Amino acid sequence: MATVNMPMPIHKVIYDTDPGVDDAMALVFQALHPQIELLGVTSVFGNSTIETTTRNALYLVERFAPGVPVARGAAAPLKCAAPAPVGWIHGDDGLGNLGLQPKTQNALDTRPAHRFIVDTVRAHPGEVELVAVGPLTNLALALEEAPDIATLVKQVIVMGGAFGTNGRNGNVSPAAEANMHGDPDAADIVFGAAWPVAIVGLDVTESTIMTTGYLAKLRDEAGEAGRFVWDVSRHYEAFHRSSVALEGIYVHDFSAVAYLLAPELYTTRSGPVRVLTDGMAAGHTIQKPAGFAAPAPQWDDRPACKVCVDADSGKILELYSKTLRREA
Ligand SMILES: [Ca+2]
């Protein structure tokens, strides 16, 4: 085939993240994958405070992606108070209570995350892919400061939301997924902007599971990265065992990275998406179905987003393990 010597496409990624155990596991993958060039990591409140998530981002970059800048992002959502850290899920330190600390702050960029995003997108027009796996505050602030970036970004891939597939409507409340609930106003802004958006929500992330056995195999076969993934996921796995009786963990944030590299592994549905911004269902995501007959003025003037409703879990898990074992 003539494709043998074709250069592999490189994805220029800004990873917007609230590390977080699953955030960390997805970052290790990105650092190792030959088709991903990390232009920067931007932190946001979410799983923990901005101080903790930024420290964790610095640690992860120092250890796994040296040379990549880290920009500190929003400490709180646009309009509401910051949520309390979820130590019972990710550990009090956000990374499984392993006591990890960066040796230096050298990677820390002087700009706030939203300005780092604006500058980086303008420096690479049409090329940057934003992979956002925390509350969407930094992206909304970037749009507010520089609306022109919407047409300069290649695509936005969001881990978040829940659209009712197999009864999945939320995890932080019966109506909302955590990243949407963390800043519903920001999410509604991001889904309404003129950039291509793909949403990878609980509909698919809860159907892809790394079992204890899968993680143990990574520990034994994937070197330092595999041992780190095992260690950092012990507390997170215990949470899954006690809360949903799962012998393993849901694959939330990595699912957005898998979509970046292999969108063909997902079935998507296209249509405008709104996010409820207040009330008991704040953070609830609603997509207008294709062919919906009645007028829907709150949706009709907004761009279509792709919402993932099914996924090839086996291939997604294989992508992760092969990359960590450096067989990609
Ligand atoms: Ca996250």
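A residue is called buried when its relative accessible area is under 20%, and exposed when that area is over 50%. These two words recur throughout this account of a predicted model.

**Overall form**

The chain contains 14 helices and twelve strands. Its radius of gyration is 18 Å, close to the 20 Å that the globule rule gives for 328 residues, so the chain is as compact as a globular protein of that length. Taken along the principal axes, the C-alpha atoms fill a box of roughly 55 × 50 × 45 Å. Of the 328 residues, 58% count as buried, while the chain as a whole exposes about 13300 Å², of which carbon and sulfur atoms supply 55%. Among the contacts with a separation of 6 or more, 79% are made by residues that stand 24 or more positions apart.

**Helix 1 and the loop before it**

Helix 1 covers residues 21-32, and ten of its twelve residues are buried, so this helix is largely enclosed by the rest of the structure. The buried residues are V21, D22, D23, A24, M25, A26, L27, V28, F29 and Q30. At 1.5 Å a residue the helix should span 16 Å, and its end C-alpha atoms are 17 Å apart, which agrees with that expectation. In the loop between strand 1 (11-17) and helix 1 lies G20, and the peptide bond that leads from P19 to G20 is cis, with omega near -15°.

**The calcium ion**

The protein donors of the calcium ion are D18 (OD), D23 (OD), D23 (OD), V133 (O) and D253 (OD), and they lie 2.3 to 2.8 Å from the ion. Along the chain these donors follow the spacing D-x4-D-x109-V-x119-D. Because D23 lies in helix 1 and D253 in helix 12 (residues 253-261), the pair ties together parts that are 230 residues apart in sequence. D23 is buried, with a relative accessible area of 1%, and D253 likewise counts as buried, at 2%.

**Nonpolar cores**

In soluble globular proteins, nonpolar side chains tend to be buried together. The largest nonpolar core of this model has 65 residues, and within that core F254, Y266 and Y320 touch the most other members. Leaving aside its neighbours within four places in sequence, Y266 is in contact with V200, V204, S255, A258, Y259, C308, D310, A311 and I316. Apart from the largest core lies another, of 37 residues, which includes V118, M180, F191 and V275.

**Two loop residues with positive phi**

N166 has a positive phi although it is not a glycine, and A245 also shows a positive value in a residue other than glycine. N166 is placed in the loop between strand 5 (155-159) and helix 6 (178-182), whereas A245 lies in the loop between helix 11 (234-244) and strand 8 (248-250). The table sets out their angles and accessibilities.

| Residue | Phi | Relative accessibility |
|---|---|---|
| N166 | about 50° | 63%, exposed |
| A245 | near 55° | 65%, exposed |

Since exposed means over 50% relative accessible area, N166 counts as exposed at 63%, and A245 is exposed at 65%.

Key. Residues are numbered from 1 along each chain as its sequence is written. This is a predicted model: local features need pLDDT of at least 70, side-chain atom pairs count only at pLDDT 80 or more; totals for chains, interfaces and linings use all residues. Side-chain values use heavy atoms; hydrogens and water are left out. Helices (H or I, at least four residues) and strands (E, at least two) are DSSP runs, numbered from the N terminus. The expected span of a helix is 1.5 Å times one less than its number of residues. Buried means under 20% relative accessible area, exposed over 50%, partly exposed in between (1.4 Å probe, protein chains only). A nonpolar core is a set of buried Ala, Val, Leu, Ile, Met, Phe, Trp, Tyr and Cys residues joined through side-chain atoms within 4.5 Å. Contact means heavy atoms within 4.5 Å. The radius of gyration is taken over C-alpha atoms; the globule rule is 2.2 Å times the number of residues to the power 0.38. Accessible areas come from the Shrake-Rupley method with a 1.4 Å probe; for residues, only the protein chains shown count as cover. Donors are N, O and S atoms within 2.8 Å of the metal (3.2 Å for Na, K and Ca); water is not among the atoms, so sites may look incomplete.
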